[in-house]
Amino acid sequence: MGEGFVEGLVQGAWALLLCGPVLVASVAVTVFVVRRRALAGGNGPTGRSDQLFWDLFLGAAVAAPALLIPTLISPWTGLFLGGAGIAAGIAAGVAAYRATPKYLARRTAREDHRALESAHLAAQARHDELIARWRRYELDPACSIDYPALTDVRTPETSALIKAMRQADELRAAPHRGYPDAVTSLGATLAAAEKAAGVPAEQA
């Protein structure tokens, strides 16, 4: 009888070691997923209710076997795991509940940073095109003769163009939310300067 008791304790201990982390992890993951979906919103009330049901169902489908298997092997182990699992599950759930907003904030920040970098690279390419377009009037002798107003800073439109170029250059070095807008403004002022100088639309 003593050997059977010891064997049952050993089996129960193994079941506890194997199933305990699964139980705690399933509770934490379920709370995290439910919390994340709640903060993200969307899908409408009906869609959120359906998703909540399936999230809880999947969490229970993992947690229930992790609790029942040790109980079938050793009732005392199951009882202990039930109590410890509830306490640990609550602790893990609270931790996951508190950590979810921080996780979402970090993920949103990473997505915003990637979007900002992408917009910055696109703005740089557009910036290069605009500068090359303007340099024709400065470096090409024929363009300089035909459209002298584009290099004359006394012309209001050309003065505005130079200011827009300077602003875009200052923001170009590192990703900055104002840089794409500055490049857009540069394109608009260049078009206005070309129009004021009499450049045909097909040559602009």
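Arginine 126 sits partly exposed in this predicted model, with a relative accessible area of 38%. Its salt-bridge partner is glutamate 129, and the closest N and O atoms of the two are 3.4 Å apart. Glutamate 129 is partly exposed too, at 48% relative accessibility. Both residues belong to helix α3, and because they are three residues apart there, about one helical turn separates them.

That bridge has company: a search of the whole structure turns up four salt bridges. Another one brings together the side chains of aspartate 128 and arginine 172, at 3.0 Å from N to O. Here the pair ties distant parts of the chain together, with aspartate 128 in helix α3 and arginine 172 in helix α5, 44 residues apart. Aspartate 128 is partly exposed at 40% relative accessible area, and arginine 172 is partly exposed at 24%.

Then there is the bridge between arginine 154 and aspartate 152, again 3.0 Å from N to O. Arginine 154 is exposed, with a relative accessible area of 73%, whereas aspartate 152 counts as partly exposed at 22%.

Here are three of the bridges side by side.

| Salt bridge | N to O distance |
|---|---|
| Arginine 126 and glutamate 129 | 3.4 Å |
| Aspartate 128 and arginine 172 | 3.0 Å |
| Arginine 154 and aspartate 152 | 3.0 Å |

Back to helix α3, which is also home to histidine 120. This histidine is buried, with a relative accessible area of 5%. Leaving aside residues up to four places away in sequence, histidine 120 touches Leu171, Arg172, Ala173, Ala174, Pro175, His176 and Tyr179. So Arg172, one of the residues touching histidine 120, is also the salt-bridge partner of aspartate 128, and its own relative accessible area is 24%.

Now for the aromatics. The whole structure holds one aromatic pair. Tyrosine 137 and tyrosine 147 make it up, edge-to-face, with 6.1 Å centre to centre and 85° between the planes. Tyrosine 137 lies in helix α3 (residues 75-139), while tyrosine 147 is in the loop between α4 (141-146) and α5 (156-172), 10 residues apart. Tyrosine 137 is buried, with just 1% relative accessible area; tyrosine 147 counts as buried as well, at 11%.

Zooming out, the protein chain has six helices and zero strands. Buried residues make up 28% of its 204 residues. Among contacts with a separation of 6 or more, 73% come from residues 24 or more positions apart. The accessible surface of the chain is about 12,900 Å², and carbon and sulfur atoms account for 65% of that.

Key. Residues are numbered from 1 along each chain as its sequence is written. This is a predicted model: local features need pLDDT of at least 70, side-chain atom pairs count only at pLDDT 80 or more; totals for chains, interfaces and linings use all residues. Side-chain values use heavy atoms; hydrogens and water are left out. Helices (H or I, at least four residues) and strands (E, at least two) are DSSP runs, numbered from the N terminus. Buried means under 20% relative accessible area, exposed over 50%, partly exposed in between (1.4 Å probe, protein chains only). Contact means heavy atoms within 4.5 Å. Accessible areas come from the Shrake-Rupley method with a 1.4 Å probe; for residues, only the protein chains shown count as cover. Rings of Phe, Tyr and Trp (its six-membered ring) pair if their centres lie within 6.5 Å; planes under 30 degrees apart count as stacked, over 60 as edge-to-face and the rest as tilted.
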